[in-house]
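Trainee: Could you take a close look at one part of this model for me, the largest pocket, and then set it among the elements around it?

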Amino acid sequence: KEFAIRVRRNARDVIREAREHGVHPGYALGRDYEGMDDVLLVAITEKRSPSDIDRLAEVLDEVGA
């Protein structure tokens with residue numbers, strides 16, 4: 001239910017900007033693992049609808065992730 005994605009810039013910046021759009025995209029793995037500042041851990045559970053997942057993808061694209 002969790003997977004890591006490499007984003008095009010610092011994951012903490014991506015998270016901050018996504019939150020400004022009302023979406024919490026995941027966890028910045030660089031907080032715990034050296035050299036992974038551009039990796040975002042995303043969890044998708046049964047509580048998320050397909051439209052929630054589509055919104056996540058749209059916001060990540062908007063913020064340049």
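Mentor: On a 1 Å grid over the protein atoms alone, a pocket is an open set of points where a 1.4 Å probe fits, with protein on both sides within 12 Å along at least five of seven lines, and its lining residues have an atom within 4 Å of a point. Grid points are joined across faces, edges and corners, and a volume is the space filled by probe spheres set on the points. By that reckoning the largest pocket has a volume of about 300 Å³. Its lining is made up of 16 residues, of which His24, Ala43, Ile44, Arg48 and Leu56 are the closest to its centre. Two elements, E3 and H2, give two or more residues to the lining, and the largest share, four residues, comes from H2.

Before going on, note that this is a predicted model, in which local features need pLDDT of at least 70 and side-chain atom pairs count only at pLDDT 80 or more, while totals for chains, interfaces and linings use all residues. Residues are numbered from 1 along each chain as its sequence is written, and side-chain values use heavy atoms, with hydrogens and water left out.

Helices (H or I, at least four residues) and strands (E, at least two) are DSSP runs numbered from the N terminus, and two strands pair if DSSP finds at least two bridges between them. Strand E3, residues 39-43, belongs to an open antiparallel sheet of three strands in the order E1-E3-E2. Strands E1 (2-6) and E2 (27-28) stand at the edges with a single partner strand each, so one side of each is left without a neighbour in the sheet. E2 and E3 pair over two bridges, and Leu40 in E3 is the bridge partner of Ala28.

Helix H1 (residues 11-20) has as its buried residues (under 20% relative accessible area, with a 1.4 Å probe and protein chains only) Ala11, Val14, Ile15 and Ala18. These residues cover an arc of only 100° around the axis, taken from the directions from the helix axis to the C-beta atoms, which puts them on the same side of H1. They pack against E2, E3 and helix H2 (50-62), where contact means heavy atoms within 4.5 Å. H1 thus packs, through its buried residues, against E3 and H2, the elements that give two or more residues to the pocket lining. At the N-terminal end of H1, Asn10 acts as a cap, with a side-chain oxygen 2.8 Å from the backbone nitrogen of Arg12, and H1 is followed by Gly22, whose phi is positive, near 85°.

Conventions:
Buried < 20%, exposed > 50% of the residue type's maximum accessible area, 1.4 Å probe, protein only. Polar contact = N/O pair within 3.5 Å; in protein donor to acceptor, adjacent residues only side chain to side chain.
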